[in-house]
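The following report describes the sheets, the metal site and the main pocket of one structure. The sequence and the model are shown first.

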Amino acid sequence: MSKQNQYAGSCLCGGIRYEIQGEIGEIVQCHCQRCRKANGTAYATNAPIRKADFKIVDGEHLLKKFQSTETTQRCFCADCGSPIISIKTETPEVYRLRIGTLDTPLNHTPTHHIFCTSKAEWETIGDALPQYDERP
Ligand SMILES: [Zn+2]
Ligand SMILES: [Zn+2]
């Protein structure tokens, strides 16, 4: 498998553009209620990246931070609402990227589901990936 280590992404309105010079970690489908609400979807698709690898190249002033829990900040575009990253107090050197905002193709696929006990009652998980009640 080819190792691509340069990625670009943007929000829906294009006001925020970012670049990642480094690896994108394991892709996780998060079914927690906060991700559902933040995205308006059944689950969020997130992957860890190193803070040091992440650079906002346009629209940094649009990146609004919402304190979602005592330990989690969710960062999104103030103009269009696209979720971009979340930051946890315990791991400030790692950002969790909302990979739906990537413009560069990604060559790996999701590895597991988390917070499955919080999934919406109308959702059916349709793949055979491991499902965890919380974080494994
Ligand atoms: Zn935007
Ligand atoms: Zn979540």
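## Sheets, zinc site and pocket

Y7 stands opposite I20, a residue of β2. The model in which this pair is found is a predicted one. Strand β2 covers residues 17–21 and pairs with β1 in the antiparallel sense, over 5 bridges.

Both strands belong to an open sheet of 3 strands, in which the order is β1-β2-β5 and the pairing antiparallel. β1 (6–10) and β5 (54–58) each have a single partner strand and stand at the edges, so one side of each is left without a neighbour in the sheet. With direction ignored, neighbouring strands of this sheet are turned by 25 degrees against each other on average.

A further open sheet has 7 strands, in the order β6-β7-β8-β9-β4-β3-β10, and its pairing is mixed. Its edge strands, β6 (63–67) and β10, each pair on one side only. From one strand to the next, the twist averages 30 degrees. Within this order, β4 and β9 are antiparallel partners over 5 bridges. R50 has V94 of β9 as its bridge partner.

The two sheets are set side by side in the table.

| Strand order | Pairing | Average angle between neighbouring strands |
|---|---|---|
| β1-β2-β5 | antiparallel | 25 degrees |
| β6-β7-β8-β9-β4-β3-β10 | mixed | 30 degrees |

The model also contains a zinc ion (ligand 1), coordinated by the SG atoms of C11, C13, C77 and C80 at 2.3 to 2.4 Å. Along the sequence, these donor residues follow the spacing C-x1-C-x63-C-x2-C. What is the arrangement of the 4 donor atoms around the zinc ion (ligand 1)? The arrangement is tetrahedral, because the angles that the donor atoms subtend are 103 to 115 degrees; the criterion for four donors is that all angles lie between 85 and 135 degrees.

The largest pocket holds about 330 Å³ of space. It is lined by 22 residues, and those closest to its centre are C30, K88, R96, I114 and R135. The elements that give two or more residues to this lining are β3 (28–30), α1 (33–39), β4 (44–50), β7 (72–77), β8 (83–88), β9 (94–98) and β10 (112–114). Which of the elements provides the largest share of the lining? That element is β4, with 3 residues. By residue class, the lining of the largest pocket divides into 9 nonpolar, 6 polar and 7 charged residues.

How values were computed: Residues are numbered from 1 along each chain as its sequence is written. Chains are lettered from A and ligands numbered from 1 in the order in which they are written. This is a predicted model: local features need pLDDT of at least 70, side-chain atom pairs count only at pLDDT 80 or more; totals for chains, interfaces and linings use all residues. Side-chain values use heavy atoms; hydrogens and water are left out. On a 1 Å grid over the protein atoms alone, a cavity is a set of points where a 1.4 Å probe fits but cannot get out, and a pocket is an open set with protein on both sides within 12 Å along at least five of seven lines; lining residues have an atom within 4 Å of a point. Grid points are joined across faces, edges and corners, and a volume is the space filled by probe spheres set on the points. Helices (H or I, at least four residues) and strands (E, at least two) are DSSP runs, numbered from the N terminus. Ala, Val, Leu, Ile, Met, Phe, Trp, Tyr, Cys and Pro count as nonpolar, Asp, Glu, Lys and Arg as charged, and the others, Gly among them, as polar. Two strands pair if DSSP finds at least two bridges between them. Axes are lines fitted to C-alpha atoms, for helices over the stretch in contact, and angles run from 0 to 180 degrees between N-to-C directions. Donors are N, O and S atoms within 2.8 Å of the metal (3.2 Å for Na, K and Ca); water is not among the atoms, so sites may look incomplete. Four donors count as tetrahedral if all angles lie between 85 and 135 degrees; four count as square planar and six as octahedral if opposite donors are over 155 degrees apart and all others between 65 and 115; anything else is irregular.
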